[in-house]
Every structure is written in C-alpha cells, then in structure tokens.
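Colleague: Mind walking me through this one? I'd like to hear the reasoning behind each answer.

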Amino acid sequence: MIEIKDVEHVAKLARLELTEDEKVKFSKQLGDILKYMDQLNEVDTTGVEPMNHPIDFSNVLRDDVVSYELSREELMANAPEVEQDFFKVPKIS
C-alpha cells in the first residue's frame, strides 16, 4: 500500500484537494495498481517484440490539396475587429 504522505504529495503536485477518506481510498487503489504492475513484471517476455498498438493498422491519409484559397480581404471581412493587417483580439491577462 502506498503511504498517505505519498498520496498527499501527488495531490499537491496535481493541485487537488482531497479529504482524509479520499487519501485512504487512493492510497489503497494506487497500492493495488503497483502490486499488479509487479505481477506483470514477473511475466517472461523474452523474445516478445515491443508494440505500440495491439492491432496492426495504418492510417489512410490523403494529400493536402488547396481547393479554394481566400484572399486577405475575404479573410479580414470575417474578423470582428482588424488593426492594420491583423485580427484584433481582446487582451488576455
């Protein structure tokens, strides 16, 4: 089982506020996950090729083809506000 202080540390890093009950619950759950990982580490994987996906597939991609190109004036016509040749947007603070 993972100690409560470890759960508190991870919660702090993730900026999560946990109740005492949640800390106990997550401590047990994370401990169970680590036990399972230890069990998986005992499996002999000699000769097994690493894979990134359980199913073989390939992406079907099409070539990028410009079908219609907008002029600068057409693009700027959609802007709520324009300053010089740029979209003007509210300042983010």
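Colleague: Let's start with Asp32: what is its relative accessible area, and which class does that put it in?
Modeller: Keep in mind that this is a predicted model. Buried would need under 20% and exposed over 50%. Asp32 has a relative accessible area of 34%, so it counts as partly exposed.

Colleague: Which side chain does Asp32 meet in a salt bridge?
Modeller: Side chains of opposite charge can pair when their charged atoms come close. Here the N to O distance is 2.8 Å, and the cut-off is 4 Å. Both residues lie in helix H2, four residues apart, which is about one turn of the helix. The partner of Asp32 is Lys28.

Colleague: And is Lys28 buried, exposed or partly exposed?
Modeller: The partly exposed class sits between the 20% and 50% limits. Lys28 comes out at a relative accessible area of 47%, so the label is partly exposed.

Colleague: Staying in helix H2, how accessible is Ser27?
Modeller: Ser27 is found in helix H2, which covers residues 20-41. Leaving out residues up to four places away in sequence, Ser27 touches Met1, Ile2, Glu3, Ile4 and Val7. Ser27 counts as buried because its relative accessibility is 0%.

Colleague: How much of the chain is buried?
Modeller: Ser27 is one buried residue. The total exposed area is about 9,600 Å², with carbon and sulfur atoms supplying 55% of it. Of the 93 residues in the chain, the buried share is 9%.

Colleague: What radius of gyration does the chain have?
Modeller: For a compact globule of 93 residues you'd look for something near 12 Å, and the chain doesn't match that. Its C-alpha trace spans about 65 × 45 × 15 Å along the principal axes. The radius of gyration of the chain is 27 Å.

Colleague: How far apart are the C-alpha atoms of Met51 and Thr19?
Modeller: Met51 lies in the loop between H2 and helix H3 (72-77). With a relative accessible area of 65%, Met51 is exposed. Met51 and Thr19 are 32 residues apart along the chain, and their C-alpha atoms are separated by 39 Å.

Colleague: In what order do the elements run from the N terminus?
Modeller: The chain has three helices and two strands. Starting at the N terminus, the order is α-α-α-β-β.

Colleague: Which residue forms salt bridges with Glu81 and Glu83?
Modeller: The closest N and O atoms are 4.0 Å apart in the pair with Glu81, and 3.3 Å apart in the pair with Glu83. Glu81 counts as partly exposed at 46% relative accessibility, and Glu83 does too at 45%. The residue that pairs with them is itself partly exposed, with a relative accessible area of 39%. That residue is Lys88.

Colleague: How many salt bridges turn up in the whole structure?
Modeller: You've already met Asp32 with Lys28, and Lys88 with Glu81 and with Glu83. There's also a network of salt bridges linking Glu8, Glu20 and Lys23. A search of the whole structure gives five.

Colleague: Last one: how far apart do the centres of the positive and negative side chains lie?
Modeller: The chain carries 11 positive side chains and 21 negative ones. The centres of the two sets are separated by 9 Å.

Conventions
Residues are numbered from 1 along each chain as its sequence is written. This is a predicted model: local features need pLDDT of at least 70, side-chain atom pairs count only at pLDDT 80 or more; totals for chains, interfaces and linings use all residues. Side-chain values use heavy atoms; hydrogens and water are left out. The radius of gyration is taken over C-alpha atoms; the globule rule is 2.2 Å times the number of residues to the power 0.38. Buried means under 20% relative accessible area, exposed over 50%, partly exposed in between (1.4 Å probe, protein chains only). Accessible areas come from the Shrake-Rupley method with a 1.4 Å probe; for residues, only the protein chains shown count as cover. Lys and Arg count as positive and Asp and Glu as negative; His and the chain ends are not counted. The place of a charge is taken as NZ of Lys, CZ of Arg, CG of Asp or CD of Glu. Contact means heavy atoms within 4.5 Å.
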